[in-house]
Every structure is written in C-alpha cells, then in structure tokens.
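Here are my notes on the model you sent over. Have the structure open while you go through them.

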Amino acid sequence: NYYAILMAGGVGSRFWPVSTEAFPKQFHDMLGTGDTLIQKTFQRLSRLIPKENIFILTNERYNDLVLEQLPEVTQRQVVLEPVMRNTAPCILYASLKIQKENPDAVMIVAPSDHWIEDETTFSKNVQQAFDFCSENNALMTLGIQPTFPNTGYGYIEFNKASAEAIKSVNQFREKPDYETAKQFIAQGNFLWNAGIFMWSVKTVIETFKTNQPTLYSLFENGISTYNTDAESDFIKENYPKAENISVDYAIMEKSSNVYVIAAEFDWNDLGTWGSLYDKLDKDASGNAVVHARTLAEDASGNMIRTKKDKIVVVDGLQDYIIVDKEEVLLIYPKAKEQDIKKVLQKVKDNF
Ligand code: GDD
Ligand code: MG
C-alpha cells in the first residue's frame, strides 16, 4: 500500500548557470556522483516503496527528461502540470489519482532535490511514520534540528512533554520573519520542516476538503475520469484556475493533526551553491570541486564546477563560486549566493 509523490517541478534558479528553466537542477548531477538529483531521490524512495508506486509530479515540459532519466518509470507515473501552481495543487491532484488506484494507500511526498546521505536511517524514520499513519489520522513531517534563524523554512513547534519518538505538533509556521525565527530557536522545541510529508491518502484528501474547499471542488470531479484523455483535457482547462499556494500554507499550518519525527539523518535542501559547497568533500586547500581538475594556491572556500576534467587554476581567491557552463562563466562571491536569482534576471534583460 506504499506510494510516493516526488515533486520535480521547481526551477532552481539560484543554481544558475547550471540549473536553467529548460534543464532544472533536479535533472543535473549536482553532487558529481554520476547520478542526477532526481535519480538519487528515486533510488532512495525505492528502498521502501515499489517502483511502480512512485509518481513524479512535474511540468509538462519536463516529461521527456523524467522518462529519460528514470527508465523504470512509465508514463502512468508521470503526473503533468500545464502551469506551475506551487505544491498544494499538484499534491492534491496526484493524491486523487493515487486514491483511484488504491484507497488504502499510505504515501510520502518528497522533493527531488535534497541531499540525504544516510539512506538507511532515512528509511527507518519514514517506516516509523508510515506505521503511524496507517493507524492514525495524521499529517506527518520530518523535523530537522535548526542551527540558525533561517527564514526560508517552515518551523514546527512540538509538544515538549511527549517522550515518544513521534511528537504531536502545537503549531506549524511557514517561513516566519527573522525575529520570530530567532524566538522559535531560543525556545528549544522547534524543528525545521524538511519538506517531506507522510500521510494516508484518505487523510490528506479529507484535509484538503476541509481546509481548501475551493481547490478540492475544482479537482474533485475531473479526476474521476482516471487516466483518460478526458482527464488530461480537464487538467489543461482547470489546473490553471488553481490557487498558487504551497502545501505548507494550504494545509499544514491549518491542521491540528500534525505530527513530527525528529530526523536522525543529516539533511540539506540543496538550494544554493553554498549549501552544495557545505556538503561536498573539499580538496587540500578547502575548495569543493565538481568535474574540474584544479590547481589551487592561496585559494580556499571556493565552489568550483566545470565540464568534465577542465583544468582550473586559481590563486588568491577565497569563498567564490566559479561555474563554467558553455556560454556562461560565473565568478561570484559565495556570500551573495542568494542574489544569483536577480543576476539571472539581469542577464536575461541584457543579453
Ligand atoms: N511538481 C511541482 N510543481 N513541484 C514543485 C512546484 C510545482 O508547481 N513548486 C515547487 N515544487 C517542488 C520544488 O522543486 C521543490 O522540490 C519542492 O517542491 C518544495 O518547493 P520549494 O519552492 O523548494 O519550497 P521551499 O523551499 O520554499 O519550502 C519548503 O521546503 C522547505 C525545506 O526545504 C517548505 O515545505 C518549507 O516548510 C520547508 O522548510
Ligand atoms: Mg526548497
């Protein structure tokens, strides 16, 4: 009865110039391991979930990329969105499809771009969550011990009194402002939301029905024409009408049956070049290098990526991102990595 929804619709613009709209980060070998991020995620999930029960949610323009990179996946498993509407609409759409196949399904929703090395512990924590969701009407998340007041994450306040591994959640707060995030961390009973959710298909659909009635009624009837041309016509016409809202705001913040397991594995949402730098092995001078061959002197803290085996010589440069990709060469301070999104816009406007 285990199912998975793998979200692969994002663009990853802070990983420009490697990640582009035509070829986003989840389809790249960001870690230099030989596998793309979506391949790594698929392998991680298939330890627990039958391969044919893993659904990939993505924009229709990435359909071919998905089928090419995941040869085990058939078209039935690729759920296509005509336009981006954030995670709530695509999760509801895919859940309704899964419910048609198996009303008793217990599922995990996972992003396709996370770094998780310890797959055994990941599987253990997800299995604990699956066992709990099979018995309880629960929306479950994996919680990460926060290290600084990151305003880009969801925060989970868990019930301090509980000694259980699975804790009930007092509140779920998506992307608080800096001051609030600081308070949360000082309080000690807050975890970051890893963005990985587990629940029964029955529970999540009931939750959408209660908390997002407009969205629910938009999709409710169209999906009853399961996997037919009528369904894809319905989606083409109606999906664009869905509100652009993430699952965190749409249901997690609004529900009282949220539970959290503190993740026992190391986690990183690979969002920026700096987060990738942190997770990669470093050379003797402290540079993270993907695909390049480097000679580094008085150069450390740099994130270097080129095409395979390109020779890069650096001297006197600290904490820079150096990325060489066909017609683009980016040399940019790591400290300003969040601005790469804006840089990309400027490049589009100018060239
Ligand atoms: N299929 C599809 N369609 N996928 C999407 C869409 C969409 O329209 N929009 C986003 N995604 C995918 C992204 O590619 C990513 O893998 C995942 O859904 C989460 O979206 P993000 O845009 O990266 O969310 P976030 O980082 O702002 O916040 C979420 O993740 C944090 C942890 O990384 C939230 O769940 C936070 O609470 C959480 O802390
Ligand atoms: Mg993210």
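The points below take the ligand site and then one helix.

1. Keep in mind that this is a predicted model. Every distance and area here is computed from it.

2. Start with the surroundings of ligand 1. The shell holds 26 residues, and the closest are Glu 81, Glu 174, Lys 175, Asn 193 and Asp 248. By type, the shell splits into nine nonpolar, 10 polar and seven charged residues.

3. Now the polar contacts, which include two to nitrogen atoms of the ligand and one to an oxygen atom. Glu 81 brings a polar side-chain atom to 2.7 Å from a nitrogen atom of ligand 1. Leu 57 uses its backbone instead: a polar atom there sits 2.9 Å from a nitrogen atom of ligand 1. For Asp 113, a polar side-chain atom is 3.3 Å from an oxygen atom of the ligand. On its own ligand 1 would expose 730 Å², and the protein buries 84% of that.

4. Which elements give two or more residues to the shell around ligand 1? They are β2 (54-59), α3, β9 (190-200) and β11 (267-269). The largest share comes from β9, with three residues.

5. Away from the ligand contacts, have a look at α7 (residues 213-220), whose buried residues are Leu 215, Tyr 216, Leu 218 and Phe 219. These lie on the same side of α7 because they cover an arc of only 160° around the axis. As a reminder, an α-helix has 3.6 residues a turn, so residues three or four places apart point the same way. The cover over the buried residues of α7 includes α3 (87-101), α6 (201-211) and α8 (229-238).

Methods. Residues are numbered from 1 along each chain as its sequence is written. Chains are lettered from A and ligands numbered from 1 in the order in which they are written. This is a predicted model: local features need pLDDT of at least 70, side-chain atom pairs count only at pLDDT 80 or more; totals for chains, interfaces and linings use all residues. Side-chain values use heavy atoms; hydrogens and water are left out. Buried means under 20% relative accessible area, exposed over 50%, partly exposed in between (1.4 Å probe, protein chains only). Helices (H or I, at least four residues) and strands (E, at least two) are DSSP runs, numbered from the N terminus. The arc is that of the directions from the helix axis to the C-beta atoms. Contact means heavy atoms within 4.5 Å. A residue is near a molecule or strand if one of its heavy atoms lies within 4 Å of it. A polar contact is a pair of N or O atoms within 3.5 Å; within protein, one must be able to donate a hydrogen and the other to accept it, and residues adjacent in sequence count only if both atoms are side-chain atoms. Accessible areas come from the Shrake-Rupley method with a 1.4 Å probe; for residues, only the protein chains shown count as cover. Ala, Val, Leu, Ile, Met, Phe, Trp, Tyr, Cys and Pro count as nonpolar, Asp, Glu, Lys and Arg as charged, and the others, Gly among them, as polar.
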